[in-house]
Amino acid sequence: MNRAAFIARPIDAVEDPTTILRALIFSSDLSFLMEAHDGLSAAIATQAGFKGLWASGLSISSALGYRDANEASWTEVVDVVERMADASGLPILVDGESGFGNFNNARLLAMKLLQHGGAGLCLEDKAFPKRNSFLGDHHPLVDIDEFSGRLKAIKDTTGDDLLLVARIEALIAGCSLDEALRRADAYADAGADAILIHSRKSDADEILAFAKEWQTLPIVIVPTKYYRTPVSAYREAGISTVIWANHAMRAAVAGMRAVCSRIAAEESIAGVEPEVATLDEVFRLLGYDELAAAEDRYLPKR
């Protein structure tokens with residue numbers, strides 16, 4: 001059973017989260033990571049049965065009230081990841097944006113994530129400050145050698161203790177498949193453990209074309225725009241991992257908007273009460289029963 005954040009766990013043989021994440025990414029079967037953006041969404045994804053989480057930059061920024069344009073600081077992201085790790089106990093692949101600066105910022109981020117519950121770091125090859133890949137058409141890429149230096153700096157700092165995913169934004173920036181393949185080769189040489197290839201098209205054609213040409217490392221994808229493609233196509237293409245990248249946050253936005261609007265209009269909660277989670281459900285999700293048992297064990301009997 002999941003335990004809430006801040007509850008000390010018994011010291012026991014615990015498998016390292018990076019080892020678990022590595023097993024998911026390198027599995028011969030297709031793996032899935034679910035987006036989360038705080039402790040509550042992480043606990044819900046765990047309850048749903050997911051084996052790993054994606055700490056989405058878009059979702060974390062949105063939950064903090066920022067735009068997905070490097071407005072949230074890397075320290076704020078690390079804080080959120082720690083809450084997610086405590087609430088879920090799952091391995092977390094963290095959206096590290098473009099590293100929040102140069103190689104030095106990137107390796108500092110990697111070290112701090114490793115210390116605070118991150119199992120993997122995904123770094124994208126866009127210039128800092130970056131903006132969301134689905135927003136506008138201006139997405140300048142960094143030089144291959146410079147980005148490779150960021151990857152090497154992270155590997156030199158964390159070794160195999162942190163899984164490193166290199167995210168290629170060449171297709172987002174309007175570059176050719178050849179450019180994406182060239183970058184994949186360079187990032188593999190720089191020490192990346194896996195490659196995330198990203199697309200903003202409504203079909204998966206360029207993603208599948210990339211996978212057909214390049215299988216040097218595990219391939220991770222984010223089918224936010226080409227969501228109609230059946231999962232069987234990814235299995236057939238030899239893709240490693242699918243990230244459901246922002247749907248928990250978007251569901252929360254839709255749900256909260258509907259409930260707030262209805263309460264404002266009806267000046268009552270009677271109508272929405274049957275449609276929202278009960279307090280007992282919230283208490284069960286966050287392990288309040290463990291707290292009651294601990295009180296019986298540790299507080300003086302009255």
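Begin on the surface of this predicted model by selecting Leu279, Val282, Phe283, Tyr288 and Leu291, which form a nonpolar patch with about 450 Å² of accessible area together. If you colour the model by its secondary structure, you will find that helix 11 (279-285) and helix 12 (288-298) each supply at least two residues of this nonpolar patch. The largest share, three residues, comes from helix 11, and Val282 is a good one to click on, since its place is in helix 11.

Keep helix 11 in view and turn to the largest pocket, in which about 830 Å³ of space lies. Select Leu40, Ser41, Ile44, Ala248 and Ala252, which lie nearest the centre of this pocket among the 27 residues that line it. The elements that give two or more residues to the lining are strand 1 (31-36), helix 2 (39-48), helix 3 (57-63), helix 10 and helix 11. Which element gives the largest share of the lining of the largest pocket? That share, eight residues, comes from helix 10. If you colour the lining by class, you should find 18 nonpolar, five polar and four charged residues.

Now select helix 10 by itself, residues 247-266, and set a distance between the C-alpha atoms at its two ends. Why should helix 10 span 28 Å? At 1.5 Å a residue, its 20 residues should cover that length, counting one step less than the number of residues, and the end C-alpha atoms are indeed 28 Å apart, so the expected span and the model agree. Step one residue beyond the helix to Glu267, which follows helix 10 and whose phi is positive, near 50 degrees.

Next, look inside the protein, where the structure holds two cavities of 30 Å³ or more. Rolling a probe the size of a water molecule over the atoms shows where empty space is left. The largest cavity has a volume of about 170 Å³, and of the 16 residues that line this cavity, the closest to its centre are Leu58, Asn132, Arg167, His198 and Ala245. Select these five, and then extend the selection to the whole lining, which by class has five nonpolar, seven polar and four charged residues.

For the second largest cavity, with a volume of about 30 Å³, select Ser61, Asn70, Glu71, Ala72, Val77, Glu97 and Phe100, which line it. By class, this lining has three nonpolar, two polar and two charged residues.

Stay with Asn70, one of the residues lining the second largest cavity, and look at its backbone. Asn70 is not a glycine, and yet it has a positive phi of about 60 degrees. To place Asn70 along the chain, follow the loop between helix 3 and helix 4 (74-88), where this residue is found.

For the last stop, select Phe128 and Pro129 together and show the backbone atoms between them. Is the peptide bond from Phe128 to Pro129 cis or trans? The bond is cis, with omega near -5 degrees, and Pro129 is found in the loop between strand 4 (120-124) and helix 6 (144-158).

Notes. Residues numbered from 1 in each chain as written. Predicted model: local features only at pLDDT ≥ 70, side-chain atom pairs only at ≥ 80, totals over all residues. Heavy atoms only, no water. 1 Å grid on protein atoms, 1.4 Å probe; cavity = no way out; pocket = protein on both sides within 12 Å on 5 of 7 lines; lining within 4 Å. Points joined across faces, edges and corners; volume = space filled by probe spheres on them. Nonpolar A, V, L, I, M, F, W, Y, C, P; charged D, E, K, R; others polar. Helix = DSSP H or I, 4+ residues; strand = E, 2+ residues; numbered from the N terminus. Patch = residues over 30% accessible without salt bridge, like charges linked within 9 Å, V, L, I, M, F, W, Y side chains within 5 Å. Areas by Shrake-Rupley, 256 points an atom, 1.4 Å probe, with all protein chains shown as cover. Salt bridge = Lys/Arg side-chain N within 4 Å of Asp/Glu carboxyl O.
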